[in-house]
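Me: I like to see each label set against the rule behind it. Could you take me through this model term by term?

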Amino acid sequence: MIVKSTTLNELRVMFSGLFKGGLAGAPSQWKKVATQIKSTSAENTYGWLGKFPQLREWVGDRVIKNMKEFAYTISNKKYEGTVGVDRADIEDDNLGIYNPIFTSMGEESENHIDRNVFALLSGGFAAACYDGQYFFDEDHPVNAEVDGSGADTSVSNIVNPLVVDKAPWFLLDTSRALKPLIYQDRAPAEFEAITNSQQDTVFMTDQYMYGVRARRNFGYGFWQMAVGCRDELNAANFNAAYQKMCEMEADGGEKLGLRPTLLVVPPSLRASAQAVINAQFINGGDSNINFKAVEVLDVPWLG
């Protein structure tokens, strides 16, 4: 087969279709825990994260909290994946070997979001969020006054913080418009191709290049909407995590009204999560007070 421009254009359309099919069909879990924020610049600054939205009685002047108090910035990063198709394979009509590769390239573009979003949870015990503390921390500052002018009190969103040797699990409130984690999307995954035989890359390597390019990054939302634990996943610790979240307060002492909706676990804790949440009866016939209290999300990316 002579490699003509029409042939290359047909291949580009075919490979692009395989990529899009893989992208659309890839199983994903990140939407359950992260809010997608469209970005229009090199970075986004989330100064408003210091102000959990809440109304108060209007007495006197408005109480204005300075958005510059917190400057939590997420800078976009570039990501790519590239496949070279040998010119000889096109000449020999030996292209079937590439079909699953381009489908997988689409799947990976979605899996990449999952991996990075859930890595935020795993790394949250040692990565800072908007208030400068680790996302899972014992010392999140909550102020006595609604305008932030009073004394801070340290608040924890960790259950049994002295225990750190067990597989971590996480209890989240994902019912709000802003979920606990942020997927910042600057440029969605785009399929690109170099198929001009006069290009230096093609001339030197005798390969046509097909690739994916994306700009994105990931970060933390409100720490109050997540409780982490590196101790056993049992009823006692689940109840402690549930209570801890329900008792979260805003600056000024008003309850935030949070209620856990999702229990996120690695595969190693799947059975424990099912026993705590989805077993209707325990201890030989007693009713399980936590039966269906939250949804269980078993995440393979949380190894």
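The turns below go from the sheet to the helices and then to single residues.

Me: Before we begin, what kind of model is this, and how are its residues numbered?
Reply: It is a predicted model, in which local features need pLDDT of at least 70 and side-chain atom pairs count only at pLDDT 80 or more, while totals for chains, interfaces and linings use all residues. Numbering starts from 1 along each chain as its sequence is written, and side-chain values use heavy atoms, with hydrogens and water left out.

Me: Which strands make up the open sheet, and in what order?
Reply: Its five strands follow the order S7-S11-S8-S12-S15, with mixed pairing. Strand S7 (158-159) and strand S15 (295-298) are the edges: each has a single partner strand, so one side of each lacks a neighbour in the sheet. The strand numbers count DSSP runs from the N terminus (E, at least two residues; helices are H or I, at least four).

Me: What makes S8 and S11 a pair?
Reply: Two strands pair if DSSP finds at least two bridges between them. Strand S8 (residues 169-172) and strand S11 (residues 226-229) have four, in the antiparallel sense. Leucine 171, for one, has valine 227 in S11 as its bridge partner.

Me: Which strands does H3 touch on that sheet?
Reply: Helix H3 (residues 99-122) packs on the sheet against S8, strand S12 (262-265) and S15, and its direction makes about 100° with that of S8. Touching here is contact, meaning heavy atoms within 4.5 Å. Helix H5 (residues 235-246) lies across S7, S8 and S11, at about 35° to S8.

Me: And which strands does S9 pair with?
Reply: Strand S9 (residues 181-194) pairs in the parallel sense with strand S1 (residues 34-38) over five bridges. On S1, alanine 34 stands opposite leucine 181. S9 also pairs with strand S10 (residues 207-220), in the antiparallel sense over eleven bridges; there glutamate 192 has glycine 211 as its bridge partner.

Me: Why is H1 called oblique to H3?
Reply: The axes of helix H1 (residues 5-25) and H3 come within 6 Å and cross at roughly 40°. That makes H1 oblique to H3: angles under 35 degrees count as roughly parallel, over 145 as roughly antiparallel, 65 to 115 as roughly perpendicular, and the rest as oblique. The axes are lines fitted to C-alpha atoms, for helices over the stretch in contact, and angles between N-to-C directions run from 0 to 180 degrees.

Me: Is the crossing of H1 and H3 left-handed or right-handed?
Reply: Right-handed, the term for a near helix turned clockwise from the far one by less than a right angle; anticlockwise would be left-handed.

Me: Which residues meet there, and what classes do they fall into?
Reply: On the H1 side, Met14, Phe15, Leu18, Phe19, Gly22 and Leu23 take part, and their partners in H3 include Phe102, Met105, Gly106 and Glu110. The contact has seven nonpolar, five polar and two charged residues. In this scheme Ala, Val, Leu, Ile, Met, Phe, Trp, Tyr, Cys and Pro are nonpolar, Asp, Glu, Lys and Arg are charged, and the others, Gly among them, are polar.

Me: Why is valine 83 called buried?
Reply: Its relative accessible area is 15%, and buried means under 20%, exposed over 50% and partly exposed in between (1.4 Å probe, protein chains only). Valine 83 is found in strand S4 (residues 77-86). Beyond four places in sequence, valine 83 is in contact with Ile101, Phe102, Met105, Tyr208, Met209 and Tyr210.

Me: Why does arginine 186 count as partly exposed?
Reply: Arginine 186, which lies in strand S9, has 28%, so it falls in the middle class. Lysine 38 is 148 residues away from it in sequence but 6.1 Å away in space, C-alpha to C-alpha. The contacts of arginine 186 beyond four places in sequence are Ser39, Thr40, Ser41, Asn76, Arg215 and Arg216.

Me: What sets the backbone of asparagine 160 and lysine 292 apart?
Reply: Most residues other than glycine have a negative phi. Asparagine 160 has a positive phi of about 50°, and lysine 292 one of about 60°. Asparagine 160 is in the loop between S7 and S8 and, at 30%, is partly exposed. Lysine 292 is in the loop between strand S14 (286-287) and S15, and its 53% makes it exposed.
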